[in-house]
Amino acid sequence: MMQQNAFRLFSRKFLEQVEVESTDGFTYSIELLAKSHRLGLKISELPAKWFERSNGSSRFRVFKWASAYLRWYFYIIETTYLRVTKNIK
């Protein structure tokens, strides 16, 4: 089965400018995307396709990390749609 995703690349300047606060799962990816958007940086994605693994299992734990992911989704809603001003660490 073929899967789709996107790779994200962030500049060194940006990564040195912000603090990564996420500690659970892969939430750092959403956090960095949210902070990039908040700073008004250009966001581009490169689509990628790959075939599902035939051995092993995924380490993605949606229920375990749900609250950590929701934090950044709410951050995006607040800063984009509700126009709440937040300082970026």
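The following dialogue goes through some features of a predicted model.

Me: Where do I start, and which elements does the protein have, from the N terminus on?

Reply: Start with the order of elements. The model is predicted, and its elements run β-α-α-β-α from the N terminus on. That makes three helices and two strands in the protein.

Me: How much of the protein is buried?

Reply: Of the 89 residues, 21% are buried. The accessible surface comes to about 7400 Å², and carbon and sulfur atoms account for 55% of that surface.

Me: What share of the contacts is between residues 24 or more positions apart?

Reply: Take the contacts with a separation of 6 or more; residues 24 or more positions apart account for 69% of them.

Me: Which residues make up the largest nonpolar core?

Reply: The general idea comes first. In soluble globular proteins, nonpolar side chains tend to be buried together. Here the largest nonpolar core has six residues: Ile30, Ala34, Trp65, Tyr69, Trp72 and Tyr75. Two elements, helix H2 (27-38) and helix H3 (62-81), each give two or more residues to this core. H3 gives the most, with four residues.

Me: Which residues does Ala34 contact, leaving aside neighbours within four places in sequence?

Reply: Ala34 is in contact with Trp72, Tyr75 and Ile76, once those neighbours are left aside. Trp72 and Tyr75 belong to the largest nonpolar core, as does Ala34.

Me: How do I read H2 as a helix, and how far does H2 reach from its first C-alpha to its last?

Reply: Compare the span with the one expected at 1.5 Å a residue. H2 has twelve residues and reaches 17 Å, close to the expected 16 Å. Its buried residues are Thr27, Ser29, Ile30, Glu31, Leu32, Ala34, Lys35 and Ser36. These buried residues pack against helix H1 (12-17) and H3. Just after H2 comes Gly40, with a positive phi of about 75°.

Me: Glu31 is in H2. Is Glu31 buried or exposed?

Reply: Glu31 counts as buried because its relative accessibility is 0%, and the cut-off for buried is under 20%. For a buried side chain with polar atoms, look for a polar partner. A polar atom of the Glu31 side chain lies 2.7 Å from the backbone nitrogen of Glu21. Not counting residues up to four places away in sequence, Glu31 touches Glu19, Val20, Glu21, Ser22 and Trp72.

Me: Where is the kink in H3 centred?

Reply: The kink is centred on Ala68 and comes to about 35°. Ala68 is also one of the buried residues of H3, the others being Trp65, Tyr69, Trp72, Tyr75, Thr79 and Thr80. The cover over these buried residues includes H2. Following H3 is Arg83, which has a positive phi near 60°.

Me: Val62 is in H3 too. What does 44% relative accessibility make Val62?

Reply: Val62 counts as partly exposed, because its relative accessibility is 44% and partly exposed covers the range between under 20% and over 50%. For its place in the fold, check a residue far off in sequence. Val62 and Gly25 are 37 residues apart along the chain, and their C-alpha atoms are separated by 8.9 Å.

Me: Can the loops be read in the same way? Where is Phe10 found?

Reply: Phe10 is in the loop between strand S1 (2-7) and H1. It is partly exposed, with a relative accessible area of 25%. Leaving aside neighbours within four places in sequence, Phe10 is in contact with Leu15, Leu32, Leu33 and Ser36. Between Phe10 and Leu32 there are 8.2 Å from C-alpha to C-alpha, with the two residues 22 apart along the chain.

Me: Which loop holds Ser44, and is Ser44 buried or exposed?

Reply: The loop between H2 and strand S2 (46-51) holds Ser44. With a relative accessible area of 52%, Ser44 is exposed, since the cut-off for exposed is over 50%. Ser44 and Leu9 are 35 residues apart in sequence, and their C-alpha atoms are 8.5 Å apart in space.

Conventions:
Residues are numbered from 1 along each chain as its sequence is written. This is a predicted model: local features need pLDDT of at least 70, side-chain atom pairs count only at pLDDT 80 or more; totals for chains, interfaces and linings use all residues. Side-chain values use heavy atoms; hydrogens and water are left out. A nonpolar core is a set of buried Ala, Val, Leu, Ile, Met, Phe, Trp, Tyr and Cys residues joined through side-chain atoms within 4.5 Å. Buried means under 20% relative accessible area, exposed over 50%, partly exposed in between (1.4 Å probe, protein chains only). Contact means heavy atoms within 4.5 Å. Accessible areas come from the Shrake-Rupley method with a 1.4 Å probe; for residues, only the protein chains shown count as cover. A polar contact is a pair of N or O atoms within 3.5 Å; within protein, one must be able to donate a hydrogen and the other to accept it, and residues adjacent in sequence count only if both atoms are side-chain atoms. The bend at a residue is the angle between axes fitted to the seven residues ending there and the seven starting there. The expected span of a helix is 1.5 Å times one less than its number of residues.
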